[in-house]
Amino acid sequence: MWHESRGSQGTRTRETRRMSATAMLARTDAPAIERVNVLGVGVSAIDIPLAVATIEGWIAAREPHFVCVSGVHGIMESQRDRTLRDIHNRAGLVTPDGMPLVGFSRLAGYAPVTQVYGRALMEAVCRDAVL
């Protein structure tokens with residue numbers, strides 16, 4: 001994250017400010033993407049185009065967020081590990097990386113949800129960045 005300011009001579013300077021992982025995890029202003037509560041973990045009700053658009057929006061606004069790509073294993077591990085559950089719930093997105101989470105989301109009324117697994121998401125974000 002960078003900040004632009006005016007120097008003593010009225011010239012613009014850029015100061016680089018990095019947000020620590022702890023500070024990112026402390027943020028509670030995650031975007032308004034709807035989430036499906038799966039055993040206490042909020043799984044984002046998204047598909048790949050919505051995930052990419054959300055990430056691109058963060059980049060354009062210079063907002064620091066992180067994405068958890070999670071399947072059933074991540075949800076189950078979050079039952080045993082409160083810190084992991086908190087990390088998931090503070091993420092900007094928790095992608096449904098597996099058909100069980102997609103199916104559960106659809107049963108909960110989120111019909112447009114599709115599987116968003118890590119490799120496909122990364123390829124789509126990188127492809128859009130090049131174009």
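**Exercise 1. Which elements cover the buried residues of helix H5?**

Solution. The model is predicted, so local features need pLDDT of at least 70 and side-chain atom pairs count only at pLDDT 80 or more, while totals for chains, interfaces and linings use all residues. Residues are numbered from 1 along each chain as its sequence is written, and side-chain values use heavy atoms, with hydrogens and water left out.

Step 1. Identify the buried residues, where buried means under 20% relative accessible area, exposed over 50% and partly exposed in between (1.4 Å probe, protein chains only). In H5 (residues 99–107), these include Leu-101, Val-102 and Ser-105. They lie on the same side of H5, because they cover an arc of only 100 degrees around the axis; the arc is that of the directions from the helix axis to the C-beta atoms.

Step 2. Find what covers them, a contact being heavy atoms within 4.5 Å. The cover includes strands S3 (35–38), S4 (41–44), S5 and S6, together with helix H3 (72–80).

Step 3. Turn to the opposite face. There H5 carries the exposed residues Pro-100 and Leu-107. Just after H5, Gly-109 has a positive phi of about 105 degrees.

**Exercise 2. Describe the overall organisation of the protein chain.**

Solution. Step 1. List the elements: helices (H or I, at least four residues) and strands (E, at least two) are DSSP runs, numbered from the N terminus. The chain has six helices and six strands, in the order β-β-α-β-β-α-β-α-α-β-α-α.

Step 2. Consider burial and contacts. Of the 131 residues, 34% are buried. Among contacts with a separation of 6 or more, 62% join residues 24 or more positions apart.

Step 3. Check the confidence, using pLDDT, the predictor's confidence in each residue, from 0 to 100. The chain averages a pLDDT of 82, and 76% of the residues score at least 70. Over residues 1–26, however, the pLDDT is below 50, although this stretch has 30 contacts in the model beyond near neighbours in sequence.

**Exercise 3. Analyse helix H2.**

Solution. Step 1. Test the length. The expected span is 1.5 Å times one less than the number of residues. For the 14 residues of H2 (residues 48–61) this gives 20 Å, and the end C-alpha atoms are 20 Å apart, which agrees.

Step 2. Locate the buried side. Ala-51, Val-52, Thr-54, Ile-55 and Trp-58 are buried in H2. Because they cover an arc of only 160 degrees around the axis, they are on the same side of H2. The buried residues of H2 pack against strand S5 (67–70), strand S6 (93–96) and helix H6 (118–130). The face turned away from this side carries the exposed residues Pro-49 and Ala-60.

Step 3. Examine the ends. Asp-47 caps the N-terminal end of H2, with a side-chain oxygen 3.0 Å from the backbone nitrogen of Leu-50. After H2 comes Arg-62, whose phi is positive, near 55 degrees.

**Exercise 4. Is Ser-70 buried or exposed?**

Solution. Step 1. Place the residue: Ser-70 lies in strand S5. Its relative accessible area is 2%, so Ser-70 is buried.

Step 2. List its partners. Leaving aside neighbours within four places in sequence, Ser-70 is in contact with several residues, including Ile-75, Val-94 and Leu-101.

Step 3. Examine the side chain. A polar contact (a pair of N or O atoms within 3.5 Å; within protein, one must be able to donate a hydrogen and the other to accept it, and residues adjacent in sequence count only if both atoms are side-chain atoms) of 3.0 Å joins the side chains of Ser-70 and His-88.
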